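User: Please take a close look at the aromatic side chains of this model, and at the packing and loops that surround them. I would like one connected account rather than a list.

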Amino acid sequence: KQDLMISQLFEAQRLIRSKNYSDALTKLDQLEKDHRHYSIIPELKGIAYYLSKEPEKSLSQFRRAFIVNPKNVDAYRMKVYLEKELNVAPNESAKQ
């Protein structure tokens with residue numbers, strides 16, 4: 001089961017690299033149903049949303065990734081960056 005998850009994560013990354021964000025997000029949503037405790041899933045969703053110019057959704061995903069794994073340095077960096085870009089406090093909603 002873990003091998004399947006890893007291959008699906010690689011597939012999601014491939015979709016993101018090829019700018020197929022919608023399919024990547026669909027695949028990640030499916031993965032997240034069974035693997036909520038892996039911070040890589042919301043982190044990849046955050047990347048897909050960021051690259052598809054949806055910074056509020058991206059911030060939400062990076063915040064989730066950081067909550068799931070406070071040692072996820074990349075998620076933390078993007079969370080802080082997007083909070084500054086969107087001019088929101090760390091615990092504030094990005095919706096304006």
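Analyst: What follows begins with the aromatic pairs and then moves to the nonpolar cores and the loops.

The model is a predicted one, and a search of the whole structure finds two aromatic pairs in it. Tyr 50 and Tyr 81 make up a pair in the edge-to-face arrangement, with 6.4 Å from centre to centre and 75° between the planes. This pair links distant parts of the chain, since Tyr 50 belongs to helix H3 and Tyr 81 to helix H5, and the two are 31 residues apart. Tyr 50 is partly exposed because its relative accessible area is 32%, and Tyr 81 also counts as partly exposed because its value is 35%. Phe 66 and Tyr 76 form a pair that is tilted, at 5.1 Å centre to centre with 45° between the planes. Here too distant parts of the chain are linked, with Phe 66 in helix H4 (residues 55-68) and Tyr 76 in helix H5, 10 residues apart. Phe 66, at 22% relative accessibility, counts as partly exposed, and Tyr 76 falls in the partly exposed class at 40%.

The edge-to-face pair also has a place on the surface, where Tyr 50, Leu 51 and Tyr 81 make a nonpolar patch of about 250 Å². Tyr 81 brings helix H5, which spans residues 73-85, into that patch. Both tyrosines can be counted there because a patch residue needs over 30% relative accessible area, a limit that Tyr 50 passes at 32% and Tyr 81 at 35%.

Turning from the surface to the interior, in soluble globular proteins nonpolar side chains tend to be buried together. In this model the largest nonpolar core has 14 residues, of which Leu 9, Ile 16, Leu 28, Leu 31, Ile 41, Leu 44 and Ala 48 touch the most other members. The elements that give two or more residues to this core are helix H1 (2-17), helix H2 (21-34) and helix H3 (40-51). Ile 16 gives a detailed view of the packing: once its neighbours within four places in sequence are set aside, Ile 16 is in contact with Tyr 21, Ala 24, Leu 44, Ile 47, Ala 48 and Leu 51. Among these contacts, Leu 51 is one of the residues that make the surface patch with the two tyrosines. A second core, separate from the larger one, has seven residues, including Ala 65, Ala 75, Leu 82 and Val 88.

The loops add some further detail. His 35 lies in the loop between H2 and H3, and this histidine is buried because its relative accessible area is 10%, which is under the 20% limit. Leaving aside neighbours within four places in sequence, His 35 is in contact with Lys 1, Met 5 and Ile 41, and Ile 41 is one of the core residues that touch the most other members.

Two lysines in loops have a backbone feature worth checking. Lys 19, in the loop between H1 and H2, has a phi near 65°, a positive value in a residue other than glycine, and Lys 19 is exposed at 64% relative accessibility. Lys 53, in the loop between H3 and H4, likewise has a positive phi of about 65° although it is not a glycine, and Lys 53 counts as exposed at 71%.

Note on methods: Residues numbered from 1 in each chain as written. Predicted model: local features only at pLDDT ≥ 70, side-chain atom pairs only at ≥ 80, totals over all residues. Heavy atoms only, no water. Patch = residues over 30% accessible without salt bridge, like charges linked within 9 Å, V, L, I, M, F, W, Y side chains within 5 Å. Areas by Shrake-Rupley, 256 points an atom, 1.4 Å probe, with all protein chains shown as cover. Salt bridge = Lys/Arg side-chain N within 4 Å of Asp/Glu carboxyl O. Helix = DSSP H or I, 4+ residues; strand = E, 2+ residues; numbered from the N terminus. Buried < 20%, exposed > 50% of the residue type's maximum accessible area, 1.4 Å probe, protein only. Core = buried A, V, L, I, M, F, W, Y, C linked by side-chain atoms within 4.5 Å. Contact = heavy atoms within 4.5 Å. Phe/Tyr/Trp six-rings, centres within 6.5 Å; stacked < 30°, edge-to-face > 60°.
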